[in-house]
Amino acid sequence: MQYIESNKLELKEKFNDKFIKEVVAFLNADGGDIIIGVKDNGEVIGVQNVDSTLKNISDCITDQIEPVASDCIKPGIIMENGKILVSVSVRKGIKPIYCIKKYGFSSTGCPIRIGSTCKEMPQSMIADRFKQNFSHNDLLVETPTNFLYHCPLLNQLLNYLYLRL
C-alpha cells in the first residue's frame, strides 16, 4: 500500500515529541490517522520497539491532552510488507476545543489540522470555541480588550470573556 500525507493522514518515521501536536490538531479538526513507521515519502520502514511506542502513545493520550480525549483516540497495529506499523485513529473531538496541557488554551497549545500540516489556532477561533463550552451564553460577558485576568485553570491571561456569577 502507498501512503500519502493528507488532511486525514499523518506519517511518522518514529514516535517523537511532535506526536501530541498531531493528535490535538486532529481532535480540533475533523479527525484523522497517524501511522508510525512510514517515512514522509511513503516508504514503509516499520517500528522497532512496538511496546515502548504504544506505552508512549498511551502516556501522551492520558497525560498531555486537555480535556480528556481518550475515547476519541484508538491505537492499533498494522502489518505491512512484513513490517509492523503503529496506527493511531483520532476522531473529531466531542468537545469544542482541545489543547496540549503544558501550553494551555493558547495558539501554541491549540493546533488544528489544515491540509497536510498542523497550524496554530488563531486566538479568535480559540475564544469562539471556548465559548461553546458554556450552554448559557447569558453567563458570558465580553470584556474590554485592555482588561486582562490571569486564569489559573487555563494557565494564561484572558482578555475576551468572563463568567457572570
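Mentor: Helices here are DSSP runs of H or I with at least four residues, strands are DSSP runs of E with at least two, and both are numbered from the N terminus. The model is predicted: local features need pLDDT of at least 70, side-chain atom pairs count only at pLDDT 80 or more, and totals for chains, interfaces and linings use all residues. Residues are numbered from 1 along each chain as its sequence is written, and side-chain values use heavy atoms, with hydrogens and water left out.

Trainee: Okay, big picture. What percentage of the residues in the chain is buried?

Mentor: The chain has 3 helices and 12 strands. A residue is buried under 20% relative accessible area, exposed over 50%, and partly exposed in between, using a 1.4 Å probe and protein chains only. Of the 165 residues in the chain, the buried part is 44%.

Trainee: Now the sheet. Which strands are at the edges of the open sheet that 4 strands form?

Mentor: Two strands pair if DSSP finds at least two bridges between them. The order in this open sheet is E1-E2-E5-E4, with mixed pairing. Pairing on one side only is what marks the edge strands, and these are strand E1 (9-12) and strand E4 (73-80).

Trainee: How do E1 and E2 run, parallel or antiparallel?

Mentor: Strands of a sheet pair through backbone hydrogen bonds, and either sense can occur. E2 covers residues 32-36, and 4 bridges join E1 to it. Lys12, for one, has Ile36 in E2 as its bridge partner. The two strands run parallel.

Trainee: And at the other edge, what is the bridge partner of Ile73 in E5?

Mentor: E4 and E5 pair in the antiparallel sense, with 8 bridges. In E5, the partner of Ile73 is Val90.

Trainee: Which residue in the turn of the hairpin of E4 and E5 has a positive phi?

Mentor: Most residues other than glycine have a negative phi. The hairpin has 2 residues between its strands, and the one to look at sits in the loop between E4 and E5 with a phi of about 55°, although it is not a glycine. It counts as exposed because its relative accessible area is 62%. The residue is Asn81.

Trainee: Any other hairpin like that? Which residue takes a positive phi in the one of E7 and E8?

Mentor: Strand E7 (residues 111-114) pairs with strand E8 (residues 117-120) in the antiparallel sense over 4 bridges, and Ile112 has Lys119 as its partner in E8. There are 2 residues between the strands, and a phi near 65° belongs to Gly115.

Trainee: Back to the sheet: which helix packs on it?

Mentor: Contact means heavy atoms within 4.5 Å. The helix touches E1, E2, E4 and strand E5 (83-90), and its direction makes about 160° with that of E2. Axes are lines fitted to C-alpha atoms, for helices over the stretch in contact, and angles run from 0 to 180 degrees between N-to-C directions. The helix is H1.

Trainee: How many residues of H1 are buried?

Mentor: H1 spans residues 19-28. Its buried residues include Phe19, Glu22, Phe26 and Asn28. The helix is mostly covered, and the count of buried residues out of its 10 is 9.

Trainee: Take Leu27 in H1. Is Leu27 buried or exposed?

Mentor: Not counting residues up to four places away in sequence, Leu27 touches Ile65, Ala69, Cys72, Ile73, Val90, Arg91, Lys92, Gly93 and Tyr98. The C-alpha atoms of Leu27 and Pro96 are 9.2 Å apart, with their positions 69 residues apart along the chain. Because its relative accessibility is 2%, Leu27 counts as buried.

Trainee: And Glu10, what is its relative accessible area?

Mentor: Glu10 is found in strand E1. With residues up to four places away in sequence left out, its contacts include Glu22 and Phe26, along with Arg113 and Ser116. Glu10 counts as buried because its relative accessible area is 7%.

Trainee: One last oddity: which peptide bond is cis, with omega near -10°?

Mentor: Most peptide bonds are trans. Here the proline involved lies in the loop between strand E3 (65-66) and E4. The cis bond runs from Glu66 to Pro67.
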